[in-house]
Amino acid sequence: MNKLVFKFGDSISDGDRSMKAHLGGKGANLAEMCSIGLPVPPGFTISTDSCKFYSEHQGQWPEGLEDQVRDGIAHVAAQMGAGFGDSSNPLLVSVRSGAAVSMPGMMDTVLNLGLNDAAVEGLAAKTGNPRFAYDAYRRFIDMFGDVVMGVHHEYFEEAIEGLKKERGVQSDVDLTGDDLKVLVDRYKAIFKKHAGFEFPSDPFEQLRLSVNAVFGSWDGDRAKKYRTINKISGLIGTAVNVQAMVYGNMGSDSGTGVLFTRNPSTGENKLYGEFLVNAQGEDVVAGIRTPEDISQMASEFPEAYERLVKVTQTLERHYRNMQDIEFTVQEGNLFILQTRNGKRTGAAAVKIAVDLVEEEMVTIEAAVRDLVEPGHLDQLLHPRFEDVTAYSKDVIAKGLPASPGAAVGQVVFSAEHAEESHAAGKKVILVRIETSPEDVGGMDAAQGILTSRGGMTSHAAVVARGWGKPCVAGCSEVVINYAAKTFTNGKVTVKEGDWVSLNGSTGEVILGAQALIDPELTGEFAKFMSWVDQFRVMGVRTNADTPADSHKAIEFGAEGIGLCRTEHMFFEGERIDRVREMILSKDKDSRVKALAKLLPFQKDDFTGIFEAMAGKPVTVRLLDPPLHEFLPHSKEDMQDMADKMGVSLSEVQAKVEALSEFNPMLGHRGCRLGITYPEITEMQTRAIIEAAVELTQKGVKVFPEIMVPLIGTVEEFAHQKAIIKKTAEQVFSEKGARVEYLIGTMIEIPRAALTAEKIAKEAEFFSFGTNDLTQMTFGYSRDDAGTFLPEYVDKKILADDPFQSLDIEGVGQLVRFGTEGGRRGRPGLKVGICGEHGGDPRSVHFCSEVGMDYVSCSPFRVPIARLAAAQANLAKK
């Protein structure tokens, strides 16, 4: 019989932290903590393989699982000295999920399982605390009803709020034991009304249904959406952890808390978390009561706090990482319920990595490989407020600074509206009383999140920090009205659609849209990135079209330009008129004259970029888009062009019509333009080479690389190469000086990838243009695919949007084939990638595996690509 249940507890541990794939992160860590002697309540873990079987067999358990679960319950009962279903000495357990990858709030949890009408009396007698017993019972009915049977939590919340009003009390803890007995009866009535049957009293039936609920939650919408957003794939299911209950709600000598061993927002080496006296863990996370800072625990429970500090130090040393720990104090005794590597902001990740190296807890290699994710660096590159002193009069409320950074957007009150607005290109701030796992889609779509309830470890705070989104939580100064779609501080009312700004670092809510600026990166970031480059083999360049972009990319560590798009230079000021003059020309001589007027502009552009990139290679792509993109389309704009060009409106209209194409992305563009109008290639080459020669004469090192776009045949490339070489030689002769330069091509048409060996005999470098290559391989228009690709990903037709993360199975094979073929045709051929995929970590790993020389991406993704390249190289070891 296959082993499906793994026990843990005092002096027993069937697993360890290496078994995450089968036990999930939570189960593996519970087993690991038991093995190093920490105070962990006994329990057992049902493997992820069981969840996979359940999903594939219409909700059936695998053979032998029930017997192993009963044996697991017997193990827990023996360690706790209690009986499951024993009315005088009842064993109560929790049922929690735990996948191999942490997904906070994504799965379902049930606490206090095992209670029924007889057991609650036994628990009351055993503890001498009827209030505690009935509080545990009402919580169990609520959780079991909501999680297992789909009886919404709001129904139970309405009942407790109603009873508090009847009794004239403000807080749950003010209800007496007799009050809670009344509440239990009301909860059971609610359960029967909505579930259609009596609340189950058999503990094993409760356990079976709860395990099924956790298994089922793996395929629930919110879990699937979380996995999609975070690109989590390759997992077979969730494990289920069944663990003896310990109680933080047994009175004033009990409590519960959640902490991080270091500050997850800043990385400061100081315990960070929250603690509640006389409460269960869900109270802290859900924000039902306002918790105290973890430091206050030292005065409430000094002995337990001292033990807790030692445990945090032990766990951090053992895991060599910052830990996120859940704990309970029951009648003065400390129990650890969970540990995992803590989610953190980008700033915190970098600081923690640097500090752990300097504390000699980890090596530099381990810090680069394990402690900072490429997404963390993405967070660091987000904008911040231009002037934090300028908006003081506009601050309308202040909450908890749950996740740092600045966010500006229009207010929405539902996750659905946030997703719709984001899809429409709007920037929004999601405003909720409190968030739940159902809100993750809207949280992902929003620029920032504001909640009126919840603490620093609430769902909103944890998820926002993990994603690097600014969040202000627990902002009790505002009252949110979902029906009216407003929130107010009593003086100012903000309506849906109004602009607000959030300062997630201070907790401020600011009326209006505040100005943002780009971040500056120094200190620990610079130190960490210097470590990154020690382990990186593949180069990282940038896509840049201006000197300003070039300087920014250099600041972020770019080693050259992998894509300079010349057409972007044509739209500025007077240049567009010269381009249009060239387009309207009736013969070659007229076109040459018009292009001569463009030459100084192009030359100045290249001079500025070459100077910014002094000593580094610059790949310049010749004109790529079809000519109609430079022409106006409204009658008014056409008339304006006609007036400037000194021609009739009808002549402009005729040219627009003549250049229009049914499918311009596959039409007269790229090298096809250069072949039809070789004078365009001549002018651009002259501008590049003249700028390079003149700078070289001034002592500036310049390494130009001229790239021919959109070739499908070697003959196309050879045609353009001949023009480039002839023009360059003319410039060298005129200037009396030479520069070294390369002529290469973009591989963006499948035929070019398939004939790469032949093309490489002519081309000196390849750069894969994976945006077009993806478009042409799939047959998707990248401008229109957004209407159906989200549904493709949702329905698992595609694992990811192929324009965001490279399709390794299909497009990737063309890249591999083209790279290998190119190097057969020209050994040592320089190969790079310059599509948007150059900044996608998963795609960077593939590029490293294929053996590319460099990736190229937007300036703000350069640090991400550097780290991904280093981690890809370390993964080969």
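Biologist: Is His75 buried or exposed?

Modeller: His75 is buried, with a relative accessible area of 10%. Please keep in mind that this is a predicted model.

Biologist: Where is His75 placed?

Modeller: His75 belongs to helix α3, which covers residues 65-80.

Biologist: And what lies 2.9 Å from a polar atom of its side chain, I mean that of His75?

Modeller: That is the backbone oxygen of Phe8. If neighbours within four places in sequence are set aside, His75 is in contact with Lys7, Phe8, Ile12, Pro42 and Gly43.

Biologist: Let us turn to the nonpolar cores. How many residues are in the largest one?

Modeller: The largest nonpolar core has 113 residues. The members that touch the most other members are Ile46, Leu115, Tyr137, Leu207, Val368, Leu377 and Phe528.

Biologist: Which helix gives the most to this core?

Modeller: Helix α5, residues 130-148, gives the most, with eleven residues.

Biologist: Is there a second core, and what does it include?

Modeller: A second core of 93 residues is separate from it and includes Val540, Val618, Val652 and Val656.

Biologist: Back to Val368, then. What is Val368 in contact with, leaving aside neighbours within four places in sequence?

Modeller: Val368 is in contact with Phe528, Trp531, Val532 and Phe535, and also with Leu867, Ala870, Gln871 and Leu874.

Biologist: New topic: how many disulfides does the structure hold?

Modeller: The structure holds zero disulfides. Cys564, for example, is in none, and the nearest cysteine sulfur, that of Cys834, is 11 Å away.

Biologist: Why does the sulfur of Cys834 form no bond with the closest cysteine sulfur?

Modeller: The closest cysteine sulfur to that of Cys834 is in Cys847, and the 11 Å between them is too far for a bond, because a disulfide requires the two sulfur atoms to be within 2.5 Å.

Biologist: Are these two, Cys564 and Cys834, buried or exposed?

Modeller: Cys564 is buried, with a relative accessible area of 0%. Cys834 is buried too, with a relative accessible area of 3%.

Biologist: What about cavities? How many are there of 30 Å³ or more?

Modeller: The count comes to two cavities of 30 Å³ or more. The largest cavity has a volume of about 60 Å³.

Biologist: Which residues line the largest cavity?

Modeller: The lining includes Leu622, Leu623, Gly670, Cys671, Thr681, Gln684, Val708, Pro709 and Gln720. Helices α25 (671-676) and α26 (678-697) each supply at least two residues of that lining.

Biologist: Now Glu636. Where is Glu636 found, and is it buried or exposed?

Modeller: Glu636 is found in helix α23, residues 635-645. Glu636 is exposed, with a relative accessible area of 65%.

Biologist: What separates the C-alpha atoms of Glu636 and Leu649?

Modeller: Those C-alpha atoms are separated by 9.7 Å, and the two residues are 13 residues apart along the chain.

Biologist: Last one: where is Gly497 found?

Modeller: Gly497 is found in the loop between strands β21 (493-495) and β22 (499-503). At 31% relative accessibility, Gly497 counts as partly exposed, because that value falls between the 20% limit for buried and the 50% limit for exposed.

Biologist: What does Gly497 touch, not counting residues up to four places away in sequence?

Modeller: Gly497 touches Gln410 and Val411. In addition, Gly497 and Thr486 are eleven residues apart in sequence and 9.6 Å apart in space, C-alpha to C-alpha.

Key:
Residues numbered from 1 in each chain as written. Predicted model: local features only at pLDDT ≥ 70, side-chain atom pairs only at ≥ 80, totals over all residues. Heavy atoms only, no water. Core = buried A, V, L, I, M, F, W, Y, C linked by side-chain atoms within 4.5 Å. Buried < 20%, exposed > 50% of the residue type's maximum accessible area, 1.4 Å probe, protein only. Helix = DSSP H or I, 4+ residues; strand = E, 2+ residues; numbered from the N terminus. Contact = heavy atoms within 4.5 Å. Polar contact = N/O pair within 3.5 Å; in protein donor to acceptor, adjacent residues only side chain to side chain. 1 Å grid on protein atoms, 1.4 Å probe; cavity = no way out; pocket = protein on both sides within 12 Å on 5 of 7 lines; lining within 4 Å. Points joined across faces, edges and corners; volume = space filled by probe spheres on them.
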